[in-house]
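User: Please take a close look at a single part of this structure, the surface where protein and DNA meet, and describe it in one connected account.

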2 protein chains.
Amino acid sequence: MKKRDYPKPSVTVDIVIFTIKGDDLKVLLVKRAIKPFKDIWAIPGGFVRMEEDLEKAAKRELEEETGVKNVYLEQLYTFGEVKRDPRGRVITVAYFALLPQIKTRLRATADVSEARWFSVKKPPELAFDHLKILKYALKRLRWKLEYTTIAFSFLPEKFTLTQLQKIYEIVFNKKFDKRNFRKKILSLDLLEKIKEKKKGAYRPASLYKFKKKIGEIIEVL
Amino acid sequence: MKKRDYPKPSVTVDIVIFTIKGDDLKVLLVKRAIKPFKDIWAIPGGFVRMEEDLEKAAKRELEEETGVKNVYLEQLYTFGEVKRDPRGRVITVAYFALLPQIKTRLRATADVSEARWFSVKKPPELAFDHLKILKYALKRLRWKLEYTTIAFSFLPEKFTLTQLQKIYEIVFNKKFDKRNFRKKILSLDLLEKIKEKKKGAYRPASLYKFKKKIGEIIEVL
DNA sequence: CCAAAAGTGTTAGTGATACACCCATGT
DNA sequence: ACATGGGTGTATCACTAACACTTTTGG
């Protein structure tokens with residue numbers, strides 16, 4: 001039996017890409033080169049192609065914007081209100097991604113004149129319902145950081161406990177007690193101390209690495 | 001600027017509807033009356049209409065199947081693999097709903113020859129990737145029961161602590177200690193003891209009601 | 001008075017928090 | 001020798017888990 005073709009909504013994937021730079025949690029935003037919301041900042045995304053899985057579409061967009069592969073990526077929520085896009089019915093499957101503190105080459109594309117990292121503390125005016133999406137992503141990020149091991153996704157392979165603690169302090173925007181933090185992290189038995197030490201000024205810190213493979217996230221509830 | 005119309009995926013909402021009957025957690029399934037997967041059981045759902053919000057579509061489907069309104073409903077996940085529907089590209093936004101133990105009038109529709117409650121312990125063969133969706137919903141249900149107050153969504157307005165405990169025991173498929181359970185629940189200060197007692201054989205149990213309005217779910221982490 | 005479910009406290013162990021000083025290195 | 005971040009232990013408190021008997025009612 002063949003079904004008549006009813007009009008269909010458009011489907012996009014948008015990706016809230018977080019990273020940590022300096023003392024700030026940053027989100028990647030793009031400036032729209034086309035209407036609607038021309039010259040307004042937005043969460044990067046694009047239409048889902050017919051022949052590509054949703055998650056693959058998200059990965060493609062992520063790589064197009066940042067040049068980065070193999071990072072933590074998770075589906076966030078699907079936004080499907082009728083009136084959220086003035087052009088017509090658009091359903092957006094939002095993802096969020098965490099990038100380690102590496103140099104990314106941000107790229108402009110046909111629809112986008114500029115891409116930049118913004119502190120989540122003071123985002124610019126955002127197109128569509130993207131502020132809502134960003135807030136939702138932040139909530140989920142904090143939650144995941146508390147109850148899983150995704151924090152490691154922000155770090156390079158080798159890192160110090162102080163670096164790790166700083167990730168938590170930045171994301172939650174508060175200080176933690178050094179001894180308690182270390183006790184708790186080490187008691188989870190997720191880290192391996194490696195011989196190497198961090199070079200640089202002052203007393204060198206021990207480097208650790210995550211025992212599990214990259215991308216393997218553990219619930220530590 | 002008008003964008004050319006590219007081919008678009010179809011979008012459906014499917015709803016995993018749970019309730020508790022007797023000593024079993026049940027899920028509502030429908031038998032498909034049309035191809036593909038004709039006469040195979042499936043999670044109820046349907047196409048999203050252009051002029052209706054996603055969540056509204058889910059509520060409509062829910063009411064069509066069960067005649068019930070105002071129940072707990074939450075977006076679960078969006079399934080968007082290319083090959084998940086043999087008819088072509090279909091993206092499914094899955095929801096899950098919890099029904100109190102009430103008499104529902106299950107309804108057949110044009111696409112559905114029958115609707116029935118199945119124990120989640122032994123579901124029949126399911127169409128499409130619906131087994132995956134069901135498993136995902138179960139996982140989320142258990143999680144939510146542990147860390148929020150959705151358990152009350154399974155109960156009528158007035159209930160006994162034993163009824164509440166039984167919900168937990170059924171969903172987690174294990175026994176809990178009566179004293180510890182009561183202590184914990186009561187310490188959350190969510191329940192109000194009401195004067196009424198449960199009538200029936202043996203010692204009558206105190207009835208309680210949830211202090212918050214229906215649908216108000218609280219994280220109790 | 002018997003059957004059945006309701007109701008109730010204490011103890012031990014575990015994990016969370018609060019808190020301050022010495023150490024290793026580079027300059 | 002000093003400035004800077006690295007590294008460590010203990011005591012208290014709150015929460016969790018284990019465990020068994022008495023009470024109330026209907027029949």
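Analyst: In this predicted model, 40% of the atoms of DNA strand C within 4 Å of the protein belong to sugar or phosphate, and the rest belong to bases. The strand is surrounded by 19 residues, of which the closest are A:Asn180, A:Arg203, A:Pro204, B:Lys178 and B:Lys183. By class, this surface holds nine charged, six nonpolar and four polar residues.

Individual atom pairs show how bases and backbone are approached. A polar side-chain atom of B:Lys183 lies 2.9 Å from a base oxygen of DNA strand C. From chain A, the side chain of A:Arg179 places an N or O atom 3.3 Å from a base nitrogen of the strand. A phosphate oxygen of DNA strand C, in turn, is 2.9 Å from a backbone N or O atom of B:Ser206. The elements that give two or more residues to the surface near the strand are α4 (178–187) of chain A and α4 (178–187) of chain B. The largest share, four residues, comes from α4(B).

The two chains named here also touch each other. Their contact takes 31 residues from chain A and 32 residues from chain B, and together they bury about 2,800 Å², 60% of it on carbon and sulfur atoms. A:Lys8, A:Met50 and A:Arg89 supply 21% of the area that chain A buries against chain B, more than any other three residues. Across this interface there are zero salt bridges by the rule applied, whereas 14 residue pairs are found in polar contact, with both residues at pLDDT 80 or more.

Technical notes. Residues numbered from 1 in each chain as written. Chains lettered and ligands numbered in written order. Predicted model: local features only at pLDDT ≥ 70, side-chain atom pairs only at ≥ 80, totals over all residues. Heavy atoms only, no water. Contact = heavy atoms within 4.5 Å. Buried area = accessible area lost by both parts, 1.4 Å probe. Salt bridge = Lys/Arg side-chain N within 4 Å of Asp/Glu carboxyl O. Polar contact = N/O pair within 3.5 Å; in protein donor to acceptor, adjacent residues only side chain to side chain. Near = heavy atom within 4 Å. Nonpolar A, V, L, I, M, F, W, Y, C, P; charged D, E, K, R; others polar.
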